[in-house]
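Got the viewer open? Here is a short tour, one selection at a time, with a note on what you will find at each stop.

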Amino acid sequence: MEPLIITAALVGAEVTRAEQPALPLSPAEIAEAAAEAGQAGASIIHLHVRDAAGRSTQSRDVYAATLALLRQLCPELIIQVSTGGAVGMAAAERLQPVTLAPEMATLTPGSVNFGADVFVNHPRDIELFARTIAEHGVKPELEIFDTGMIANALRLVKRGLVTPPLHFDLVMGVPGGIPGTVANLLHLVSLLPPGSTWSVAGIGAAELPLAAAAIILGGHVRVGFEDNIYYRKGELASSNAQLVARVARLARELERPVATPRQAREILTLKLPGEAT
């Protein structure tokens with residue numbers, strides 16, 4: 001199997017410092033956590049940012065400041081910005097970090113109940129996100145919260161708004177989305193078009209078993225405080241790097257190599273450092 005790409009989702013939009021004392025919030029803290037995750041085996045940083053009060057923000061300025069620090073501390077890592085932001089944000093607000101032309105950005109092709117809220121992605125906004133991501137030369141990661149979103153993503157391909165090869169992130173275990181079971185993971189993978197790559201983000205207790213399944217199945221893995229704040233039941237993780245290191249260790253035990261950032265770029269068909277743009 002090809003090397004395992006590990007994505008570190010460091011911050012998210014919902015988790016608070018009260019829930020997870022090690023949650024990085026400032027640009028400097030996020031950059032330091034990213035460097036630690038990279039040393040532990042991550043090759044992609046899935047990036048949300050927070051304002052000075054610790055609230056989720058899609059501010060272009062805050063993203064720019066954070067990206068600048070990331071490029072100083074860990075320039076080899078792939079940065080993937082979130083266009084999800086937080087529930088209730090408008091499309092224009094959510095799209096701000098894409099204008100900074102990162103290597104990757106998320107694209108959610110559908111709406112989903114999200115705990116007590118609804119993560120709304122109107123068809124016209126999905127088209128706007130796809131066009132904006134393409135215009136800035138950014139590789140989309142298609143965030144899938146339920147089976148119908150895969151069909152929606154393939155319609156974007158038919159309309160020429162998203163170009164293969166596709167990369168999917170199967171987000172499983174969000175209350176209101178597809179439950180985080182191995183049986184459901186197998187079903188989602190069976191719906192993906194040939195030639196696609198995929199990772200799985202298991203929410204909460206689903207993180208570890210789905211990570212193990214993805215390693216065996218030839219997929220890739222996302223872990224981090226955005227998805228799960230615990231190392232094991234009742235024990236908070238000490239850092240994002242601790243969660244990354246566990247997946248890297250498990251992959252090595254299963255004799256699957258962990259991808260370097262360069263290998264991850266090759267797998268995801270991203271431009272390698274030094275390539276002409």
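## Stop one: Isoleucine 5

Start by selecting isoleucine 5, which counts as buried because its relative accessible area is 2%. Keep in mind as you go that this is a predicted model. Isoleucine 5 sits in the segment before β1, the strand that covers 6-9. Now show what surrounds isoleucine 5: leaving out residues up to four places away in sequence, it touches Ser43, Ile44, His220, Val221, Ala259, Ala264, Ile267 and Leu268. For a sense of distance, draw a line from the C-alpha of isoleucine 5 to that of valine 98: the two are 93 residues apart in sequence and 22 Å apart in space.

## Glutamate 2, in that segment too

Go back along the chain to glutamate 2, also in the segment before β1. Is glutamate 2 buried or partly exposed? With a relative accessible area of 33%, glutamate 2 is partly exposed. Setting aside neighbours within four places in sequence, glutamate 2 is in contact with Thr197, Gly218, His220, Arg256 and Ile267. His220 and Ile267 may ring a bell, since isoleucine 5 touches them as well. Try another C-alpha line, this time to alanine 64: it is 62 residues along the chain from glutamate 2, and the separation is 33 Å.

## Zoom out

Now show the whole protein as a cartoon. How many helices and strands does the protein have? There are nine helices and 14 strands. The C-alpha atoms fill a box of roughly 45 × 45 × 40 Å along the principal axes. A compact globule of 277 residues would have a radius of gyration near 19 Å, and the protein's 17 Å agrees with that.

Colour by burial and you will find that buried residues make up 54% of the 277. Switch on the surface: it comes to about 11,700 Å², with 55% belonging to carbon and sulfur atoms. Of the contacts with a separation of 6 or more, 71% are between residues 24 or more positions apart. Colour by charge next, and look for 22 positive and 27 negative side chains; the centres of the two sets lie 3 Å apart.

## Helix α4

Select residues 123-135, which form helix α4. Its 13 residues should span 18 Å at 1.5 Å a residue, and the end C-alpha atoms are indeed 18 Å apart. Which residues of α4 are buried? They are Ile126, Phe129, Ala130, Thr132 and Ile133. An α-helix has 3.6 residues a turn, so residues three or four places apart point the same way. Show the partners too: the buried residues of α4 pack against α3 (91-94), β6 (104-107), β9 (139-144) and α5 (147-158). Following α4 is glycine 137, with a positive phi near 70°.

## Alanine 105, in a partner strand

Hop to alanine 105, in strand β6. Its relative accessibility is 0%, so alanine 105 counts as buried. Leaving aside neighbours within four places in sequence, the contacts of alanine 105 include Ile133, one of the buried residues of α4. Others among them are Gln80, Val81, Thr83, Val98 and Val138. Histidine 46 is 59 residues away along the chain, yet its C-alpha atom and that of alanine 105 are separated by 8.5 Å.

## Helix α7

Next, select 207-217 for helix α7, where Glu207, Leu210, Ala211, Ala213, Ala214 and Ile215 are buried. What covers these residues? The cover includes β10 (167-172), α6 (182-191), β11 (197-202), β12 (220-223) and α8 (240-253). Just after α7 comes glycine 218, with a positive phi of about 95°; glycine 218 is also among the contacts of glutamate 2.

## Last stops: backbone oddities

Most residues other than glycine have a negative phi, and most peptide bonds are trans. Three places here are worth a click:

- **Alanine 101**, in the loop between α3 and β6, has a positive phi near 55° and is partly exposed at 40% relative accessible area.
- **Glutamate 255**, in the loop between α8 and α9 (261-267), has a positive phi near 60° and counts as exposed, at 74% relative accessibility.
- **Proline 164 and proline 165** are joined by a cis peptide bond, with omega about 5°; proline 165 lies in the loop between α5 and β10.

Key
Residues numbered from 1 in each chain as written. Predicted model: local features only at pLDDT ≥ 70, side-chain atom pairs only at ≥ 80, totals over all residues. Heavy atoms only, no water. Helix = DSSP H or I, 4+ residues; strand = E, 2+ residues; numbered from the N terminus. Buried < 20%, exposed > 50% of the residue type's maximum accessible area, 1.4 Å probe, protein only. Contact = heavy atoms within 4.5 Å. Expected span 1.5 Å × (residues − 1). Rg over C-alpha atoms; globule rule 2.2 N^0.38 Å. Areas by Shrake-Rupley, 256 points an atom, 1.4 Å probe, with all protein chains shown as cover. Lys, Arg positive; Asp, Glu negative; His and termini not counted. Charge placed at Lys NZ, Arg CZ, Asp CG, Glu CD.
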